[in-house]
Amino acid sequence: MNAHSHDLQVPVEVHARTPPPPLAPITQTGRLILRQRLSPGTPARYGILLGPALLLLYWSVLSITGFLDPRILPAPWTAVGTSIELIREGRLQTNLAVSTWRAMSGLGIGVLVGAGLALLSGLSLLGGYVIDGLVQIKRGIPILALIPFMILWLGIGEAMKITLIATAVFFPVYINTHNALRAIDIRHVELAETLGLSRWQFLRRVVVPGSLPGFLTGLRFGVTSSWLALVVVEQLNATSGIGYMVTLARNYAQTDIMLVGLVVYALLGFGSDALVRHLETRLLGWRRTLGK
Amino acid sequence: MSARSAPPAVQVRGLVRTFTLKGVLNGIDLDIAPGEFVALLGRSGSGKSTLLRALAGIDHEADGVGEIVLPERQSVIFQDARLLPWMRVLDNVVLGLAGNDVRERGRTALAEVGLSGRERAWPHELSGGEQQRVALARALVREPKLLLADEPFGALDALTRIQMHTLLRRLSDLHDPAVLLVTHDIDEAIVLADRIVLLDQGRLAADLRVELPSAGPARQDRIAGLRRDLHRLLGVEDAPAEHRDHAAVVTTLRGQS
Ligand SMILES: Nc1ncnc2c1ncn2[C@@H]1O[C@H](COP(=O)(O)OP(=O)(O)OP(=O)(O)O)[C@@H](O)[C@H]1O
Ligand SMILES: [Mg+2]
């Protein structure tokens with residue numbers, strides 16, 4: 001019967017009077033088929049550590065069996081011993097603090113400027129013309145190629161280092177946020193218009209949450225870039241920081257300290273990435289995705 | 001139906017809308033009385049959505065002239081529920097409202113559409129029909145004097161649609177907004193509306209009062225008569241009741257040509 005005729009009582013007496021045919025018995029010919037699941041399933045809590053653990057195991061085995069010359073790469077436990085020593089001397093903490101401060105300031109500035117300019121250029125035509133054009137041109141120049149100019153303009157002190165890190169962070173944050181802004185569903189914009197949202201409400205309720213996934217992707221890249229830029233600027237000219245520690249150790253062929261520096265960079269990178277990912281799951285709880 | 005003395009809630013005069021080189025509406029005049037339920041029928045591509053979007057004020061991409069007088073408080077319901085996926089159901093309902101009792105009002109509205117207890121759900125946790133009921137609550141909590149709806153039930157299954165008809169009729173009687181409902185379902189228009197207008201070639205080609213008797217064979221006769229008229233106006237040969245599904249197909253096919 002037609003779907004919409006609930007109020008229309010179309011005559012159907014012919015069919016209604018006929019007794020229904022006896023139902024054929026249901027035969028159980030096959031078992032219930034559960035469809036193959038294409039999403040990989042719910043991940044275990046610390047499952048992400050499996051890969052690093054395997055690498056550590058491999059490295060240990062190579063060191064124990066003597067395949068790995070300690071002058072090339074010391075054993076993991078040597079690195080642990082050296083770090084304990086460095087901590088006792090206080091060198092690791094102070095250098096780590098300096099490096100973290102540099103990376104975080106650069107990251108903070110880069111994220112603020114990147115997200116801010118992305119909003120400006122995504123939400124106003126003029127902003128788009130001016131800012132986006134510049135960014136696209138600048139995108140072609142590798143950040144590291146800017147170092148000579150940065151040194152010329154800002155000297156070789158902290159200002160140059162932090163500016164370079166901020167610049168490295170700016171691009172991924174800007175580009176991903178800007179893309180996300182442009183991809184905001186026009187239907188949500190129309191909804192905001194019909195609900196009579198103010199510009200501010202529109203920004204807060206539609207634009208920011210709508211572009212948040214893109215922003216967080218940019219943030220993750222930005223965090224990675226910040227450590228990368230940090231390593232570079234600390235090798236350039238520094239009197240403190242993890243990079244300085246490593247450069248110094250290289251001069252004296254102290255591979256164990258060099259290794260500690262490397263591990264610290266790895267931990268910092270891994271830790272900050274985990275932090276951003278944690279932020280992602282917290283902030284994007286409303287999403288239904290394959291990764292859940 | 002008695003002639004209403006109040007000034008119309010909606011007054012449209014000489015409305016013209018064109019998209020680059022393509023005229024869609026060319027001179028629409030339409031009055032809708034306060035509390036009146038008007039269904040807008042027309043073939044696919046006849047400009048129903050264009051008219052509704054003009055009234056809703058979201059047709060930025062169209063050119064045109066004309067005069068539109070509307071009540072200040074109006075709500076729009078779209079074919080999709082259009083809930084913001086990052087907000088919980090209640091936040092979606094009260095989005096953009098100010099005042100300290102809005103959440104209470106939002107809860108009441110959700111209760112009216114039968115969704116008490118789902119205030120804290122995410123939109124994706126609701127079925128399509130439930131999402132559309134949230135959209136209805138979001139529209140009604142604003143106490144609109146005009147409700148604009150563009151095929152709000154088009155994406156729902158038949159049974160849910162019937163339930164939504166009953167709900168919409170009940171709530172529009174309760175809150176009494178003027179309603180303009182775009183649909184291409186003739187029966188939906190007959191069952192729900194006080195009045196049916198038909199859009200064709202950029203103009204309102206027909207304007208019928210439904211005036212259904214409340215029950216009995218007279219009601220069935222009236223429904224059959226209206227359906228016949230509308231089929232003729234839409235250029236569909238009148239099909240016997242059993243074949244109305246085919247008729248619907250014919251309507252669509254013709255509309256696309
Ligand atoms: N943004 C646009 N740009 C160009 N043409 C448009 C635009 N929107 C609609 N049109 C054209 O205007 C005409 C009317 O479209 P409209 O969406 O109003 O039809 P409709 O009556 O709602 O159809 P349907 O029943 O299929 O929803 C169509 O021919 C369509 O191609
Ligand atoms: Mg339409």
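Three short exercises on a predicted model follow, each with a worked solution.

**Exercise 1. Find which residues surround ligand 1 and how they divide by character.**

Step 1. Count the shell: 14 residues surround ligand 1.
Step 2. Pick out the closest: these are S44(B), G45(B), K48(B), S49(B) and T50(B).
Step 3. Sort the shell by character: two residues are nonpolar, seven polar and five charged.
Step 4. Look for the elements that supply at least two shell residues each: they are β2 (22-32) and α1 (48-56) of chain B. With three residues, α1(B) gives the most.

**Exercise 2. Trace polar atoms of chain B that lie by oxygen atoms of ligand 1, and state how much of the ligand is covered.**

Step 1. Start with a side chain: an N or O atom of S44(B) is 2.6 Å from an oxygen atom of ligand 1.
Step 2. Turn to the backbone: a polar atom of S46(B) is 3.2 Å from a ligand oxygen. For G47(B), a backbone N or O atom lies 2.9 Å from an oxygen of ligand 1.
Step 3. Take the area: on its own, ligand 1 has 640 Å² of accessible area, and the protein covers 64% of this.

**Exercise 3. Describe the make-up of chain A, from its elements to its surface.**

Step 1. List the elements: chain A has 11 helices and zero strands.
Step 2. Check burial: of its 292 residues, 38% count as buried, with under 20% relative accessible area as the cut-off.
Step 3. Consider contacts between residues at least 6 apart in the sequence of chain A: 72% of them join residues at least 24 apart.
Step 4. Finish at the surface: the accessible area of chain A is about 18,400 Å², and 68% of it belongs to carbon and sulfur atoms.

Methods: Residues are numbered from 1 along each chain as its sequence is written. Chains are lettered from A and ligands numbered from 1 in the order in which they are written. This is a predicted model: local features need pLDDT of at least 70, side-chain atom pairs count only at pLDDT 80 or more; totals for chains, interfaces and linings use all residues. Side-chain values use heavy atoms; hydrogens and water are left out. A residue is near a molecule or strand if one of its heavy atoms lies within 4 Å of it. A polar contact is a pair of N or O atoms within 3.5 Å; within protein, one must be able to donate a hydrogen and the other to accept it, and residues adjacent in sequence count only if both atoms are side-chain atoms. Accessible areas come from the Shrake-Rupley method with a 1.4 Å probe; for residues, only the protein chains shown count as cover. Helices (H or I, at least four residues) and strands (E, at least two) are DSSP runs, numbered from the N terminus. Ala, Val, Leu, Ile, Met, Phe, Trp, Tyr, Cys and Pro count as nonpolar, Asp, Glu, Lys and Arg as charged, and the others, Gly among them, as polar. Buried means under 20% relative accessible area, exposed over 50%, partly exposed in between (1.4 Å probe, protein chains only). Contact means heavy atoms within 4.5 Å.
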